[in-house]
Amino acid sequence: MQLQNDLLLRAAKGEAVERTPVWLMRQAGRILPEYRAVRDSVSGFIELAQTPELAAEVTIQPVDLLGVDAAIIVSDILVIPEAMGLPYEMVEKRGPFFPNTVRSESDLKKLRVADGANDLSYVMKAIEITKKNLAGRVPLIGFAGAPWTIFAYMIEGSGSKTFSKAREMLYTQPKFSHQLLQMITDSTINYLKAQINSGADLVQIFDSWAGILGPKQYAEFSYPYISQVCDAIIEVPKTVFAKGAFFAREEMGLLNCETIGLDWNMGIAESRRLIGTTKTLQGNLDPAALYGNPDQVRQATIEMMNQFKGMRHIANLGHGVYPDIDPAMVKVFIETVKNYQ
């Protein structure tokens, strides 16, 4: 089906666009009362994500309600550990929790490489329904967590400020760490390919915990695995968003992907210099800027857009939109990008 609005895909590929495309990480979420209503109709986020009709419904809400230039499938990066044999729970106000963790060779033997299409068939079904209901209005983004970020949760067992147990493993059991990272990488490639086969027009790799590694550890335990994923996915454009990995921007420019996401701590001119001119940059307004009044949000957005002027750019925030931000201010951000000359 021909896309009516293919701005995002053209911008990712570095082709000419009439205006800068815009979408937001976590755009389908708690900022929208309509999302909360759907979520309250089930036991929690995991049930929502595993019910394809509901996942599709909330995926499309921001397209209808906010006017963004792309939908991103509603799911979770932690479906990969679950598909590998390590289930998780979503604890209210605390986030993800793994009853079991991976700490030894015997734990590793209990895991399998996920095939994506069958192990995560509910995500594929959600993508198919979403594509049908979008009817070509905007592209659909598929996604997965980067191998290091997934590894961190599988070792730690929950979110953490330091992920010290996961980082300890890199120093004390590097061989084991590489084995697990490779299994996650193979599972992730299978998963993303299945998403593309189901209709995803573009995919994003989220390395949410990139910034807690030092440059040396990142170069050994994260970057090569992201690179493998990028090399394996040849069907659609790819975006890599490595939050906090300011020290790896030069290397990011060498990845086999079209777009590099910037968090709000990364200077735009400096990032362009380090990454080079062959990549589209995505981002990177500080989400907290959306707490302002309409004039302040407009001003902050224009300042960001001015810095990206003349560059390959997809407008977004420098991280996910915070759940207590007023949807009206999100709309101001989106409209300001759309009207920017």
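**Gln27 and the largest cavity**

Colleague: What makes Leu32, Pro62, Leu66, Val68, Ala70, Ala71, Ile72 and Val321 count as residues that Gln27 touches?

Modeller: Contact means heavy atoms within 4.5 Å, and Gln27 meets that rule with each of these eight names once residues up to four places away in sequence are set aside. This is a predicted model, in which local features need pLDDT of at least 70 and side-chain atom pairs pLDDT 80 or more, while totals for chains, interfaces and linings use all residues. Residues are numbered from 1 along each chain as its sequence is written, and side-chain values use heavy atoms, without hydrogens and water.

Colleague: Why does Gln27 count as buried?

Modeller: The relative accessibility of Gln27 is 1%, and buried means under 20% (exposed is over 50%, partly exposed in between, with a 1.4 Å probe and protein chains only), so Gln27 counts as buried.

Colleague: What does the side chain of Gln27 reach?

Modeller: It reaches the backbone nitrogen of Leu24 at 3.0 Å.

Colleague: Where is the place of Gln27?

Modeller: Gln27 sits in the loop between helix H1 (7-13) and helix H2 (33-40), helices being DSSP runs of H or I with at least four residues, numbered from the N terminus.

Colleague: What divides the lining of the largest cavity by class?

Modeller: Its lining consists of Val240, Ala242, Ala245, Arg249, Met252, Ile260, Gly261 and Met266. Ala, Val, Leu, Ile, Met, Phe, Trp, Tyr, Cys and Pro count as nonpolar, Asp, Glu, Lys and Arg as charged, and the others, Gly among them, as polar, and the lining accordingly has six nonpolar, one polar and one charged residues. A cavity is a set of points on a 1 Å grid over the protein atoms alone where a 1.4 Å probe fits but cannot get out, and lining residues have an atom within 4 Å of a point.

Key: Helix = DSSP H or I, 4+ residues; strand = E, 2+ residues; numbered from the N terminus. Polar contact = N/O pair within 3.5 Å; in protein donor to acceptor, adjacent residues only side chain to side chain. 1 Å grid on protein atoms, 1.4 Å probe; cavity = no way out; pocket = protein on both sides within 12 Å on 5 of 7 lines; lining within 4 Å.
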